[in-house]
Amino acid sequence: MIYATLAPDYVRAIAPYQPGKPVSELAREMGLDEANIVKLASNENPLGLPASAREALQAAVSELARYPDGNGFELKAKIAEKFDVEMHQIILGNGSNDVLELVARAFLTTQDAAVFSQYAFAVYPLVTQAVGARGIEVPASEYGHDLDAMLAAIDAQTKLVFIANPNNPTGTYLETAQVERFLEAVPKNVLVVLDEAYTEYLPATSRPDVTAWLRQYPNLIISRTLSKAYGLAGLRVGFALCNPEVADLINRVRQPFNVNSLAQAAAIAALDDQAFLAESLRVNDEGMKQIVDALVELGLDYIPSSGNFVTFHCADAAVVNLFLLKNGVIVRPLGGYGMKNSLRVSIGLPHENARFIEVLKQAPGLRSL
Ligand SMILES: *Cc1c(COP(=O)(O)O)cnc(C)c1O
């Protein structure tokens, strides 16, 4: 292949991201009926699209021949109001993955480095490598971020640190005081991306006051998504909050129409939908208990999770995963994270969780013989 040599080494070395298997793909592969497949693989909201967002989408359809608002004025106004920040502190993204990539593109070159934890979200090494920067992976402590070790790993080339709280795929959570100590200690010329994709699932008392943090720490970038608790994964919308100078730089590498009109309209409605959010959290708490109880009953080790998913360990995850797939249940194998005998299951509706549990109970490969 001659084209391979056209790409820089660091692009050729990227390991492709492995998304959760779509329902339609499993149906084709296994000859199953789509209606009988339960997908608990991508931490999506099992309640589906909020009705408020559906209405907003219908109203927005008539304007689809026009380009979206490239500055996302109304959505930014809504976010500014909700988070008590200025509009010029906001970066909108085509999902928060987009925001993470924009941060890397704005700040990292082949001369720079980014620090992240072992078992942290796969997108951090991906966006770092895509711009040819050096990733510094810091060994995890009990599957979570070891903030002291991450601090110690920051070197002269380090410009960015990525922290996911709660983390995916492990579900581990860092106390507010721990993160605060880190923010106090980290050099001010290093930017800290605090990815809070699952923060809505935390009890209110466990969520930091990020508005206060943004005032206090000019090197802090908070990233949020509407893909999880707000139920808009397919529309792709997320955002980051940071100081205006940093936001301005990130916005320069952003495509002007990166968040489409439908996504903007639905996000405005969803951000106001307190009832949907509350119901999402209630369903998640109940489902988490349902699944964890079953894992305990089966004698399987799991990582206590603060998200809308839980990771558990088995003797042979490949065998268990194949059995689940054959029986129409899609979960996420974590081999790509170096956790080859772990599976991550997203919390679904009660009947979906029940189906997962029922199939899991019959699966070979759960425990060593
Ligand atoms: C799901 C997830 C996101 C959100 O991704 P989107 O691009 O907004 O859908 C971000 N960070 C983590 C850690 C996640 O698990």
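**Exercises on helix α12, its sheet and helix α4**

**Exercise 1.** In this predicted model, find which residues Asn 284 is in contact with, leaving aside its neighbours within four places in sequence, and decide whether Asn 284 is buried or exposed.

*Solution.* Leaving aside neighbours within four places in sequence, the contacts of Asn 284 are Tyr 201, Gly 307, Asn 308 and Ile 347. Asn 284 itself belongs to helix α12, which spans residues 274–297. Buried means under 20% relative accessible area. The relative accessibility of Asn 284 is 5%, so Asn 284 counts as buried.

**Exercise 2.** Give the strand order of the open sheet of four strands, state why one side of β9 and of β12 is left without a neighbour in the sheet, and place α12 and α13 on the sheet.

*Solution.* The order is β9-β10-β13-β12, and the pairing is antiparallel. β9 (302–303) and β12 (332–334) are at the edges; each has a single partner strand, so one side of each lacks a neighbour in the sheet. Next, β10 (residues 309–313) pairs with β13 (residues 339–346) over five bridges in the antiparallel sense. Within β13, Ser 342 stands opposite His 313. Helix α12 packs on the sheet and touches β9, β10 and β13, its direction making about 5 degrees with that of β10. Helix α13 (residues 317–326) also packs on the sheet, touching β12 and β13, and makes about 35 degrees with the direction of β13.

**Exercise 3.** Identify which residues of helix α4 are buried and what they pack against.

*Solution.* Helix α4 covers residues 73–83, with Leu 75, Lys 76, Lys 78, Ile 79, Ala 80 and Phe 83 buried. The elements that the buried residues pack against include β2 (90–93), β7 (220–225) and α11 (261–271). After α4 comes Asp 84, with a positive phi near 55 degrees.

Technical notes: Residues numbered from 1 in each chain as written. Predicted model: local features only at pLDDT ≥ 70, side-chain atom pairs only at ≥ 80, totals over all residues. Heavy atoms only, no water. Helix = DSSP H or I, 4+ residues; strand = E, 2+ residues; numbered from the N terminus. Buried < 20%, exposed > 50% of the residue type's maximum accessible area, 1.4 Å probe, protein only. Contact = heavy atoms within 4.5 Å. Pairing = 2+ DSSP bridges. Axes fitted to C-alpha atoms, helices over the stretch in contact; angles between N-to-C directions.
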